[in-house]
Amino acid sequence: MAAAPQAPGRGSVRKTRPLTVKTSLNNPYTVCWSALDREDMHFILQTLEDRFKSLGLQKIEDKKKKKKQFLKKQSPDKCSTEVGMSEELKEKHPEDNEQGSGWTPVSVRKQLAIGVNEVTRALERNGLLLVLVCKSAKPALITSHLIQLSLSRSVPACQVPRLSETLAPVIGLKCVLALGFRKDTTAFIDEVKAIIPRVPSLHVPWLQGRPEESMENLDTASLESQDKEILETSFEDLSKHKRKPVEGQQAIVLQPLKIKKVIPNPNKIRKPPKGKKTSK
């Protein structure tokens, strides 16, 4: 007798998935900060430290918030005793309690950009004269983008060792990874003029540095006068200087775009609407 036909196997053959290939671009150049001489480093740190101390720039933290957080963690008996002590201190030193948290001379603080984020935003708006970066910033990727950004804005920048270690305690901060001086500064104009010649030039292969323009940025009066002259000129004067077409060259006229036919994409998978059922 002939054998009965066997049913086909239920197991399906698994198809191997194709390997996804991702392309990535690696930078062939190594961009790094230029080395700063030891004498220049000591000069920059000493100059800024003396200037900050003379101006009295410092950030004052609100001690009331710290006390409240500390009292919440303790027992209610200890809290009641310490609250009574704090009230007695308020009566003895009313002037200290009135002083709030923040920077002491606010006008001086507005002339600086402190921190990597604030320096980056100020550089993007082209509002800085000088940028100093601390060498102790880890990882180095935190401050490496400031090299190209400062060079593209023609702003002198350098990496100063022990910048945060020297200036942070004077200002009242935990760390100062980046420090920028704004163009409208008046309190640090002499220090900026003394530091800029000591800053080494940066080298980026695809950007050409223009150190001469950095010194010209200090002369803001001439730039403001030029801006006023441009604003005072009328629109008619500006329209006179339009580019004229060369003789024998016809002006290009763009014609309006006309859509003749719209062809739907056949490869697009279209889902049927929820209300209607698909016809079999």
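Strand 4, helix 7 (residues 141–152) and strand 5 form a β-α-β unit that is right-handed. The model described here is a predicted one.

Within this unit, strand 4 (residues 128–134) pairs with strand 5 in the parallel sense, and the pairing runs over 4 bridges. One of the bridge partners can be named: Val133 is matched with Gln159 in strand 5. The side chains of strand 5 (residues 157–160) alternate, with Ala157 and Gln159 pointing one way and Cys158 and Val160 pointing the other way. All of these residues are buried, Gln159, the bridge partner of Val133, among them.

**Aromatic contacts**

A pair of aromatic rings is described by the distance of the centres and the angle of the planes. The structure has 2 aromatic pairs. In one of them, Phe52 and Phe188 meet edge-to-face, with 5.5 Å centre to centre and 65° between the planes. The edge-to-face label applies because an angle of 65° is over the 60 degrees required. This pair links distant parts of the chain, 136 residues apart: Phe52 belongs to helix 1 (residues 38–55), whereas Phe188 lies in the loop between strand 6 (178–182) and helix 9 (189–195). Phe52 has a relative accessible area of 1% and is therefore buried. Phe188 is buried as well, at 0%. Together with Phe181, Phe52 and Phe188 make up one aromatic cluster.

**Salt bridges**

Side chains of opposite charge can pair when their charged atoms come close. The salt bridges in the model number 5, and the table lists three of them, including two from helix 1.

| Salt bridge | N to O distance |
|---|---|
| Asp40 – Arg198 | 2.8 Å |
| Arg51 – Glu191 | 3.7 Å |
| Glu118 – Arg109 | 3.0 Å |

Asp40 and Arg198 form a salt bridge. This pair links distant parts of the chain: Asp40 is in helix 1, and Arg198 is in the loop between helix 9 and helix 10 (211–216), 158 residues apart. Asp40 is buried, its relative accessible area being 13%, whereas Arg198 counts as partly exposed at 31%.

Arg51 and Glu191 also meet in a salt bridge. Here too distant parts of the chain are linked, with Arg51 in helix 1 and Glu191 in helix 9, 140 residues apart. Arg51 is partly exposed at 24% relative accessibility, and Glu191 is buried at 14%.

The third tabulated bridge joins Glu118 to Arg109. Glu118 has a relative accessible area of 19% and is buried; the cut-off is under 20%, so this value falls within the buried class. Arg109 also counts as buried, with a relative accessibility of 14%. Salt bridges with shared partners join Arg109, Glu118 and Arg182 into one network.

**Charges over rings**

Two of the arginines in these salt bridges also sit over aromatic rings. Arg109 lies over the face of Trp103, 5.0 Å from the ring centre; Arg109 is also the salt-bridge partner of Glu118. The charged end of Arg198 is placed over the ring of Phe43, at 4.0 Å from its centre. Arg198 thus has both a contact with Phe43 and a salt bridge to Asp40.

Conventions:
Residues numbered from 1 in each chain as written. Predicted model: local features only at pLDDT ≥ 70, side-chain atom pairs only at ≥ 80, totals over all residues. Heavy atoms only, no water. Phe/Tyr/Trp six-rings, centres within 6.5 Å; stacked < 30°, edge-to-face > 60°. Helix = DSSP H or I, 4+ residues; strand = E, 2+ residues; numbered from the N terminus. Buried < 20%, exposed > 50% of the residue type's maximum accessible area, 1.4 Å probe, protein only. Lys NZ or Arg CZ within 6 Å of the ring centre and 35° of its normal. Pairing = 2+ DSSP bridges. Right-handed = clockwise from strand over helix to strand, strands pointing away. Salt bridge = Lys/Arg side-chain N within 4 Å of Asp/Glu carboxyl O.
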